[in-house]
Amino acid sequence: MAEEYPSLFRSEEMSLIQLYVHTEVAHDTVAELAALGDVQFKDLNPEVNAFQRSFVGEIRRIDEMARRIRFFSTQLGKANAAHPDRPISIRSLEDTPTISITGPRAQTMRDDLDSTLTQHEERLSQMNESYSTLREREKELLEAREVLRSTKGFFERAASRTSEIRQSIDDGTQPLLAHEDREAQGAGGDGSLDFEFVAGTINRDRLPTFERILWRVLRGNLYMNHTDIEQPFVDPISGVSTYKNVFIIFAHGSTLLAKIRKVAESMGGTLYPVDASAEKRMDALREVGARLEDLSNVLVRMESSRDQELKVLGENLRGWESVVNREKRVWECLNLWSYDASRKTLIAEGWAPTRDITQIQAALRRAQEVSGASISPLLHILPTPHNVQPPTFHRTNKFTEAFQTIIDSYGVASYQEVNPALFATITFPFLFAVMFGDVGHAILTTVAAILMIVFEQKLAKADTGEIIGTFFYGRYIILLMGIFSIFTGFIYNDIFSKGMHLFHTGWKWPHEKGPVTAIPTGHTYPFGIDPTWHGADNSLVFINSYKMKQSIIFGVIHMTFAICLQLPNFVHFGHATSIWAEFVPQILFLHCIFGYLVIMIIAKWCTDWSSPSVTTSPPNLLNMLIYMFLSPGTINEKEQMYPGQGVVQSLLLYIALICVPWMLLTKPYLQWREHKKKMGSGYRTVGHGQNGQAREEEDEALQGEEEGEGHAEAEAEEHFEMGEIAIHQIIHTIEFCLGCISNTASYLRLWALSLAHAQLSEVMWDMTLAKALGPTGWQGVLGLIFLFVMWFQINVFILCVMEGLSAFLHALRLHWVEANGKHYMAGGYPFVPLTFNFAEVTGE
């Protein structure tokens with residue numbers, strides 16, 4: 001049975017369940033199980049094509065409904081982008097009445113929704129088409145008006161300059177514009193010029209090319225004038241703005257005019273009929289203006305009707321989207337089930353948490369009641385087949401979810417494997433704090449996390465963007481990192497790179513000129529580093545040595561704890577031989593070398609080297625560790641810390657060397673012996689009969705051997721190959737032995753980042769705020785305010801955000817590589833149940 005309360009120590013115990021559901025209640029059953037979100041279904045039709053499954057027709061219908069909803073959403077987005085001053089609001093899912101997809105009227109609801117969406121799409125499409133047609137007509141009328149205005153101005157200018165046109169007797173050499181008698185007639189008559197010409201509009205960027213082509217085609221036998229249209233023309237469909245020019249071209253003869261028309265049309269120009277008579281042009285201009293006014297009124301009314309339609313869509317869009325997404329999930333799930341035609345029953349298999357079986361049974365009963373069916377769905381728990389690994393499911397809350405995500409990013413835990421996320425809730429923020437330790441920066445970080453937690457309901461609903469959303473998701477990690485950093489800040493005695501005199505110091509500065517040496521008072525500073533070290537010339541040497549040794553101690557403790565997490569795994573999975581074939585030699589190898597180094601570090605700290613009773617000098621522990629390998633048993637008498645040190649170090653070295661073949665040979669030999677024992681007892685691998693011969697039964701005969709007549713997949717027993725096992729063990733042993741050295745050195749990043757953070761904070765203080773503390777007067781006040789703002793911004797954005805991200809990534813590396821690599825198998829796959837949650841049903 002499962003435990004009474006869920007725990008992050010191991011993944012949830014899973015059960016393989018089988019459902020027998022009558023077709024009448026199948027839809028409501030899936031909907032209820034999806035609302036519960038506790039079952040991950042298996043595909044029982046892997047050999048069936050996606051287009052040949054039972055409910056492909058329903059899925060196509062749902063897809064078509066989803067397409068219409070996407071169309072509505074696109075139209076709403078375009079409308080809001082075109083008119084940002086009067087946006088059309090989209091009602092949120094929380095404010096939309098819930099539409100049930102279960103019950104006797106579920107099919108009627110789907111039919112009504114499909115009909116409603118179809119009607120709205122047809123109306124909106126007709127409106128869009130009519131609107132586009134009217135807009136296109138409006139554009140044509142606007143262009144015609146510009147052409148009439150431009151040609152009117154041209155003819156007026158040409159009529160006023162008739163006296164400047166040259167005269168000629170020969171018809172072939174007369175001016176292009178007019179004969180003198182026609183000019184006189186025009187001047188004394190209706191004011192028009194009787195010439196042959198072509199007028200229209202063309203894109204402004206094509207005008208130079210248009211002129212060159214006409215010049216070459218007509219060999220210069222033309223007169224062309226053009227003017228710019230200041231107002232851009234917006235395409236009603238694409239929304240692209242285009243700038244155009246009005247042109248008017250004069251030429252002799254219908255042949256040349258035909259060529260001009262062909263060239264203009266090929267260049268994308270639009271030609272408009274313009275009369276040479278001034279009176280007719282004025283009549284045409286008034287007619288175009290009247291038509292534009294009527295068309296504008298029609299467009300206003302159509303936009304109002306279209307906005308009303310879009311408002312109706314905006315009020316119901318999220319509700320429809322939720323229904324369609326839920327329906328699609330239901331029918332896609334039903335396509336995974338197998339159909340028993342003789343019984344008109346659907347058969348399903350899937351994984352579910354054992355502790356939630358009672359809730360699943362209640363959901364099945366609820367589905368029967370809602371649907372009004374007389375036949376209740378049946379649930380049967382199948383035995384988990386041998387060598388089939390259930391999915392991994394860790395039940396998390398808003399506090400532990402982010403920590404679990406960090407571990408899952410490295411790899412999903414194997415089923416029932418010890419979950420490192422439980423311990424990462426403490427070790428991760430602590431290692432971060434070792435690198436980030438500063439009380440001031442930690443308080444800023446903690447306050448930011450507290451604000452996100454206090455306003456988490458508002459922030460969860462708001463669109464905060466990807467970057468802010470990531471920080472909000474890890475708000476509880478940031479909170480713990482800030483709290484732990486406050487603790488380590490007190491240990492380092494750092495607040496914005498300055499020391500804190502919280503207790504009586506253990507040192508006293510003599511009142512002398514020049515360099516002085518602090519005198520001990522006999523008092524020990526009770527908590528953290530003595531503040532007297534801040535400002536001392538040798539403070540960097542002391543703090544550097546302290547943080548470097550501290551990082552080694554934390555690294556060895558962390559790796560030891562990671563190796564110890566192998567024990568509960570070995571015990572739980574029944575790998576008793578691995579305890580003394582892997583765990584014991586690994587612990588001995590690590591502690592005979594680096595565990596001994598930690599003990600020597602602590603012993604060196606605890607020794608009063610200024611005491612007369614101590615006759616030796618402080619040893620260099622790095623050289624001690626090196627010579628422990630190069631010359632075992634040889635100790636410099638001037639640096640000997642205890643009697644028999646050489647013998648102890650030689651013994652530890654020999655134990656560490658013995659552990660290498662111990663790890664290398666023991667486990668492969670035990671596995672080989674176990675395999676021989678099984679073979680001698682008469683066991684054979686699956687798929688073989690007597691004397692190792694292949695079995696002759698067909699797959700149908702073998703299927704009946706499975707209990708419960710289910711579709712559980714039993715994998716074949718792993719093939720035993722001694723060479724593969726030996727190679728794997730060699731790689732594992734070399735990786736561990738070398739990893740102990742490299743991983744221990746990797747923990748020195750705790751020292752490096754902590755030192756860099758403290759030094760950078762001190763530099764920022766000296767370069768900004770420290771310079772403003774001396775001057776007085778109003779100049780000093782203004783300088784103090786300006787430099788304080790600069791110093792605060794640097795602390796927030798560089799020392800808190802950027803340095804915090806750097807420390808976060810390094811803490812992540814220490815957990816993924818140095819710790820998880822010692823015990824975490826990460827060979828599982830996640831539990832992905834069928835569920836209806838807010839993000840999924842809204843399509844976000």
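# Loops, sheets and a kinked helix

N387 sits in the loop between strand 11 and helix 9. Helices (H or I, at least four residues) and strands (E, at least two) are DSSP runs, numbered from the N terminus. The model is predicted: local features need pLDDT of at least 70, side-chain atom pairs count only at pLDDT 80 or more, and totals for chains, interfaces and linings use all residues. Residues are numbered from 1 along each chain as its sequence is written, and side-chain values use heavy atoms, with hydrogens and water left out.

## Two loop residues with positive phi

Most residues other than glycine have a negative phi. N387 has a phi near 65 degrees, a positive value in a non-glycine residue. A826 also has a positive phi, near 50 degrees. A826 is placed in the loop between helix 24 and helix 25 (838-841).

Both appear in the table below, with two further residues. Buried means under 20% relative accessible area, exposed over 50%, and partly exposed in between (1.4 Å probe, protein chains only).

| Residue | Relative accessible area | Class |
|---|---|---|
| N387 | 33% | partly exposed |
| C564 | 30% | partly exposed |
| F490 | 28% | partly exposed |
| A826 | 23% | partly exposed |

## The chain overall

The chain has 844 residues, and 43% of them count as buried. Its secondary structure comprises 25 helices and 13 strands. Contact means heavy atoms within 4.5 Å. Take the contacts between residues at least 6 apart in sequence: 79% of these join residues at least 24 apart.

## Strand 1 and its partners

Strand 1 covers residues 14-22. Eight of its nine residues are buried, so the rest of the structure largely encloses it. Two strands pair if DSSP finds at least two bridges between them. Strand 1 pairs with strand 10 (residues 345-353) in the antiparallel sense, over nine bridges. Here M14 has P353 as its bridge partner. Strand 1 also runs antiparallel to strand 11 (residues 378-382), joined by five bridges. In that pairing, L16 is matched with L382.

## The four-stranded sheet

A separate look at strands 3, 4, 7 and 8: they form an open, antiparallel sheet in the order 4-7-3-8. Strand 4 (223-228) and strand 8 (270-272) are the edges. Each has a single partner strand, so one side of each lacks a neighbour in the sheet. From one strand to the next, the twist averages 25 degrees.

Strand 3 (residues 197-203) and strand 7 (residues 244-250) are antiparallel and share seven bridges. T201 is bridged to V246 of strand 7.

Two helices lie across these strands. Axes are lines fitted to C-alpha atoms, for helices over the stretch in contact, and angles run from 0 to 180 degrees between N-to-C directions. Helix 5 (residues 207-217) crosses strand 3, strand 4 and strand 7, at about 175 degrees to strand 4. Helix 6 (residues 254-266) lies across strand 3, strand 7 and strand 8, at about 10 degrees to strand 3.

## Helix 10: covered and kinked

Helix 10 (residues 421-436) has 16 residues. The expected span of a helix is 1.5 Å times one less than its number of residues. For helix 10 that gives 22 Å, and its end C-alpha atoms are 21 Å apart, which agrees.

The helix has a kink of about 30 degrees at T427, shortly before the proline P429. The bend at a residue is the angle between axes fitted to the seven residues ending there and the seven starting there.

Of the 16 residues in helix 10, 12 are buried. T427 and P429 are among them, as are F428, F432 and F436. What covers the buried residues? The cover includes helix 9 (401-410), helix 11 (439-454), helix 14 (475-492), helix 15 (539-564), helix 22 (749-767) and helix 24 (777-819).

## F490 in helix 14

F490 belongs to helix 14. Leaving aside residues up to four places away in sequence, F490 touches V439, M500, L502, F527 and G528. F490 and F527 are 37 residues apart in sequence, with C-alpha atoms 7.7 Å apart.

## Cysteines

How many disulfides does the structure hold? Zero. A disulfide is a pair of cysteine sulfur atoms within 2.5 Å. C737 is buried, at 13% relative accessible area. The closest cysteine sulfur to that of C737 is in C740, 6.6 Å away, too far for a bond.
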